[in-house]
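Let's take a look around this protein together. We'll follow the charged side chains and see who pairs with whom.

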Amino acid sequence: MNCFEGDDPELSISQLAHLAGVPVSTAHRLAQALVRGRLLEQDPFTDRYRVGHGLATLAMPA
């Protein structure tokens with residue numbers, strides 16, 4: 001999730017892999033798990049990832 005601290009609100013899977021320091025295949029598996037958990041969303045047109053609404057739900061009690 002720290003990958004989204006920069007200026008770009010959407011990142012490709014290769015950008016996520018680079019920023020996280022993991023192989024693209026690992027980044028893809030992790031990103032898909034976060035999409036299922038609603039912590040990330042994937043744009044169906046660009047395949048880029050952005051922070052999902054589920055993160056706000058988790059943060060509200062804090």
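R50 and D43 form a salt bridge, with their closest N and O atoms 3.6 Å apart. Keep in mind that this is a predicted model, so every value here is computed from predicted positions. In general terms, side chains of opposite charge can pair when their charged atoms come close.

How many salt bridges does the structure hold? There are three. Here they are, side by side:

| Pair | Closest N to O distance |
|---|---|
| R50 and E10 | 2.6 Å |
| R50 and E41 | 3.1 Å |
| R50 and D43 | 3.6 Å |

The pairing of R50 with E10 is the one to trace along the chain, as it links distant parts. R50 sits in strand β2, which covers residues 49-51, while E10 belongs to the segment before helix α1 (13-20). That puts the two 40 residues apart.

So who is tucked away and who is out in the open? R50 has a relative accessibility of 25%, so it counts as partly exposed. E41 comes out as partly exposed too, because its relative accessibility is 22%. D43 is at 14%, which means it counts as buried, the cut-off for that being under 20%. Put the pairs together and you get one network: salt bridges that share partners join E10, E41, D43 and R50.

D43 deserves a second visit. Where does D43 lie? You'll find D43 in the loop between strand β1 (40-42) and strand β2. Its side chain also reaches the backbone nitrogen of F45, at 2.7 Å. If you leave aside the neighbours within four places in sequence, D43 is in contact with E10, R48 and R50. Two of those names, E10 and R50, also turned up in the salt-bridge network.

Now step back along the chain to helix α2. This helix runs over residues 24-36, which makes 13 residues. From its first C-alpha to its last, α2 reaches 18 Å, close to the 18 Å expected at 1.5 Å a residue. As a rule, an α-helix has 3.6 residues a turn, so residues three or four places apart point the same way. Just after α2 comes R38, and its backbone takes a positive phi of about 65°.

Note on methods
Residues are numbered from 1 along each chain as its sequence is written. This is a predicted model: local features need pLDDT of at least 70, side-chain atom pairs count only at pLDDT 80 or more; totals for chains, interfaces and linings use all residues. Side-chain values use heavy atoms; hydrogens and water are left out. A salt bridge is a side-chain nitrogen of Lys or Arg within 4 Å of a carboxyl oxygen of Asp or Glu. Helices (H or I, at least four residues) and strands (E, at least two) are DSSP runs, numbered from the N terminus. Buried means under 20% relative accessible area, exposed over 50%, partly exposed in between (1.4 Å probe, protein chains only). The expected span of a helix is 1.5 Å times one less than its number of residues. A polar contact is a pair of N or O atoms within 3.5 Å; within protein, one must be able to donate a hydrogen and the other to accept it, and residues adjacent in sequence count only if both atoms are side-chain atoms. Contact means heavy atoms within 4.5 Å.
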